Amino acid sequence: MFKRLIKSQALRRRTSWIVAAVLILPFVLFFHATGQAPPRGPGGTAGELFGKPVPWEVFEDERRWGQRHLENQLGDIPETFRQMFTQAAWDRLVLLEEARRARLAVPDEELAASIRRIPEFQEEGRFLPDRYHLLLRASGLTPQTFETRLRKDLLIERLISSIREVVTVSDEELLHVISVGRGTM
């Protein structure tokens, strides 16, 4: 077989192309694919969600919003709980993507009604636009940013409500799950 390979010019050429394809093609594909992968971290991606890259800025925005929301409710949060914000940001991104897939939306009227119900923007049960703008400015938010965030919160609430409407659990099923969780039957 090697004698035929040495004597035949066409066979040598085919063999060379096969060896080149086997050795060179994987390197070309590997370096081509790694050259297109976005970097991780600031300016790149935070990870992937349903096969799509999540920009770092989007992830950080969700993480900061969750942290700010919890700090507004509870005050100063210990450093040991800060890791929760990373998981909470991913949870929010998953829920928002699922709401997008379900084609859920929050109408402007519902958003406006929700803003008017926030006690911090009211005086004696009446919404005060000046207080709304003043408090947003003091917290470093523009009305557009705040409304976008609130719309996302309402979207998640709507998704969870739609799931609750569909899912029903009987008392027997609940007792079964509890007994399995305890290791008894």
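How many salt bridges does the structure hold? The count is 13. The model is a predicted one. Side chains of opposite charge can pair when their charged atoms come close. Three of the pairs are described here, followed by the helix contacts around them.

**Salt bridges**

| Pair | Closest N to O distance |
|---|---|
| Glu-60 and Arg-64 | 3.5 Å |
| Glu-62 and Arg-149 | 2.9 Å |
| Glu-123 and Arg-131 | 3.0 Å |

Glu-60 and Arg-64 both belong to helix 3, which covers residues 56-74. They are four residues apart, so about one helical turn separates them. Their surroundings can be stated by accessibility: Glu-60 is buried at 14% relative accessibility, while Arg-64 is partly exposed with a relative accessible area of 45%. Glu-60 falls in the buried class because the cut-off for that class is under 20% relative accessible area.

The side chains of Glu-62 and Arg-149 also meet in a salt bridge. Glu-62 lies in helix 3 and Arg-149 in helix 7 (residues 143-166), so this pair ties together parts that are 87 residues apart in sequence. Are Glu-62 and Arg-149 buried or exposed? Glu-62 is buried, at 2% relative accessibility, and Arg-149 is buried as well, with a relative accessible area of 3%.

In the bridge between Glu-123 and Arg-131, the closest N and O atoms are 3.0 Å apart. Here Glu-123 is partly exposed at 43% relative accessibility, and Arg-131 is partly exposed at 29%.

Which residues are joined into one network by salt bridges that share partners? The network consists of Asp-61, Glu-62, Arg-92, Arg-149, Lys-152 and Asp-153.

**Helix 3 against helix 7**

The axes of helix 3 and helix 7 come within 12 Å, and they cross at roughly 85°. The two helices are therefore roughly perpendicular to each other, because angles of 65 to 115 degrees are classed that way. On the helix 3 side, the contact is made by Asp-61, Glu-62 and Trp-65; on the helix 7 side, by Phe-146, Arg-149, Lys-152 and Asp-153. By class, this contact has two nonpolar residues, no polar ones and five charged ones.

Asp-153 is one of the helix 7 residues. With a relative accessible area of 15%, Asp-153 is buried. Leaving aside residues up to four places away in sequence, Asp-153 touches Trp-65 and Arg-92.

**Helix 3 against helix 4**

Helix 4 covers residues 83-101 and packs on helix 3 at an angle of about 115°, with the axes 8 Å apart. Helix 3 and helix 4 are therefore roughly perpendicular to each other. The crossing of helix 3 past helix 4 is right-handed.

Which residues make this contact? Helix 3 contributes Val-58, Phe-59, Glu-62, Arg-63, Trp-65, Gly-66, Gln-67 and Leu-70. Helix 4 contributes Met-84, Phe-85, Thr-86, Ala-89, Trp-90, Arg-92, Leu-93 and Leu-96. Sorted by class, the residues in the contact of helix 3 with helix 4 are 10 nonpolar, three polar and three charged.

**Residues named in both contacts**

Glu-62 and Trp-65 meet helix 4 residues, and Glu-62 and Trp-65 also meet helix 7 residues. Arg-92 of helix 4 takes part in the contact with helix 3, belongs to the salt-bridge network, and is touched by Asp-153.

Note on methods:
Residues numbered from 1 in each chain as written. Predicted model: local features only at pLDDT ≥ 70, side-chain atom pairs only at ≥ 80, totals over all residues. Heavy atoms only, no water. Salt bridge = Lys/Arg side-chain N within 4 Å of Asp/Glu carboxyl O. Buried < 20%, exposed > 50% of the residue type's maximum accessible area, 1.4 Å probe, protein only. Axes fitted to C-alpha atoms, helices over the stretch in contact; angles between N-to-C directions. Parallel < 35°, antiparallel > 145°, perpendicular 65-115°, else oblique. Left-handed = near helix turned anticlockwise from the far one by under 90°. Contact = heavy atoms within 4.5 Å. Nonpolar A, V, L, I, M, F, W, Y, C, P; charged D, E, K, R; others polar.
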